[in-house]
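The following exercises concern salt bridges, sheets and helix packing. Please work through each task before reading its solution.

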Amino acid sequence: MWRELWTLAARAARGSCRLCTRQSSGAPAFGSGATIFALSSGQGRCGIAVIRTSGPASSHALQSLTAPRDLPPARSASLRLLSDPHTGEPLDRALVLWFPGPQSFTGEDCVEFHVHGGPAVVSGVLQALGSVPGLRPAEAGEFTRRAFAHGKLSLTEVEGLADLIHAETEAQRRQALRQLDGELGQLCHSWAETLTKALAHVEAYIDFGEDDNLEEGVLEQADSQVQGLVVSLDAHLRDARRGQRLRSGAHVVVTGPPNAGKSSLVNLLSQKPVSIVSPEPGTTRDVLEIPVDLAGFPALLSDTAGLREGVGPVEQEGVRRARERLEQADLILAVLDASDLASPSSCSFLDTVVALLGAQSQRLLLVLNKSDLLPSAGLGPGPNLPPHLLLSCLTREGLDGLLEALKKELAVVCGDPSTGPPLLTRARHRHHLQGCLDALGHYKQTRDLALAAEALRIARRHLTHLTGGGGTEEVLDIIFRDFCVGK
């Protein structure tokens, strides 16, 4: 439905452009920048839909569709009747907002039409805008790209906006807001200023090294500034990719012997029947994965085959895949039957899998499921247990304690977006910081001052690229492609 509406609007826009080439429309002369329009609110029926424009013809578009024709006060909502500019047919009674540039989201003249969200209303307004000379439908991410081009957002802030739009958990929202507020960009700018001062000191020594008026210790100041920056960059790069996990989700693997309740736990945490639950051992034979919100953090939850030996080839392949996932996991939920801890399968799992993973320093939570089957005295005699959590997937008793433990573990794995320095959420960030650090390594190694100055320029260039200065079109295309039409 909405794709068809957008096609109609595009056709109307093309038709008006052809008309402009044949005769004067009486509209104001527009600059080389086209004026774009798009539905910016979510698709589908809704109470209110927001249609926005950006570009030099925005005021003309507003005057063409509204009565009265005069522009409303800037940044104030006004109730106007929208009409087709050619036929005069009423389209809707809507709130309109006029944002003259540069004090707008894109830095250009912008208009917002807050119309009723029915498909017929939205279709009529889009077609009417498409018929106004000088307007065309926006490409995906074009509004944000114009904001970037006019200096309203840095590239890291653009990425923060994209992450905020796609955020599905509380932690992702907090991190995206911090990046949109410019915390990472401001940090990079402060680093770039440090490099600028160091470069100025080195170049001053090159140009005026024999001048008695040059203060002493110029090169030592530069070396000290560079060393402090190296320490900061190295600390950010040694973050175990927490920011990237926060953006894409931590890998949480559920493992244990057969019939321990792994699938029941996956269903409980995902709040849907993802896995088949059966008293028959070996029900799960493949890896089942589902993205979930675990205590406010994004995670990819994997249900795996029960770990045991001496089974058929199909289940054995499932066991092999389960062990493979354990090696890739960011966090492991090891599940045992609390009422059957003395069984050979439970003891073997504790002695081999849990002990081995603990020795490898992998993050692990031991969950003793089926606590509802325990006698009132609690756990009976059995093996010595490491720290563990009691849970009943049937009665949900112990779930709050498990979620709290998950929150603490995932805060370590993904980073806490509420505190600490800004996180590196994309591989692009790491690439430029690593490039900057490598250039500073060359600076420290060389004895040629000209080469040292060039190393500082390269390091500074990497920080500039990170925030969007001098970025290539290919990189910008990839980043803005994450946005929908209308943003």
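**Exercise 1.** Determine which parts of the chain are tied together by the salt bridge between Arg-247 and Asp-163.

*Solution.* The side chains of Arg-247 and Asp-163 form a salt bridge of 2.8 Å, N to O; the term requires a side-chain nitrogen of Lys or Arg within 4 Å of a carboxyl oxygen of Asp or Glu. Next, locate the partners: Arg-247 belongs to helix 9 (residues 242–248) and Asp-163 to helix 5 (residues 155–166), so the pair ties together parts 84 residues apart in sequence. In total, the structure holds 21 salt bridges.

The model is predicted: local features need pLDDT of at least 70 and side-chain atom pairs count only at pLDDT 80 or more, while totals for chains, interfaces and linings use all residues. Residues are numbered from 1 along each chain as its sequence is written, and side-chain values use heavy atoms, with hydrogens and water left out.

**Exercise 2.** State which strands stand at the edges of the seven-strand sheet, and identify the helix that touches strand 6.

*Solution.* Begin with the order, 3-4-5-6-2-1-7, in an open sheet with mixed pairing. Helices (H or I, at least four residues) and strands (E, at least two) are DSSP runs, numbered from the N terminus, and two strands pair if DSSP finds at least two bridges between them. Strand 3 (66–67) and strand 7 (135–137) are at the edges; each has a single partner strand, so one side of each lacks a neighbour in the sheet. Strand 2 (residues 46–54) and strand 6 (residues 110–117) run antiparallel and are joined by eight bridges. Cys-46 stands opposite Gly-117 in strand 6. Helix 3 (residues 119–130) packs on the sheet and touches strand 6, among others, its direction making about 150° with that of strand 6. Contact here means heavy atoms within 4.5 Å.

**Exercise 3.** Describe how helix 7 and helix 14 cross, and classify the residues of their contact.

*Solution.* The axes of helix 7 (residues 183–208) and helix 14 (residues 427–445) come within 13 Å and cross at roughly 20°. Helix 7 is therefore roughly parallel to helix 14, a class that covers angles under 35 degrees. Helix 7 contributes Leu-184, Trp-191, Leu-195 and Val-202 to the contact, and helix 14 contributes His-429, Leu-433, Cys-436, Leu-440 and Tyr-443. Finally, the contact residues divide into eight nonpolar, one polar and no charged; Ala, Val, Leu, Ile, Met, Phe, Trp, Tyr, Cys and Pro count as nonpolar, Asp, Glu, Lys and Arg as charged, and the others, Gly among them, as polar.

Conventions: Axes fitted to C-alpha atoms, helices over the stretch in contact; angles between N-to-C directions. Parallel < 35°, antiparallel > 145°, perpendicular 65-115°, else oblique.
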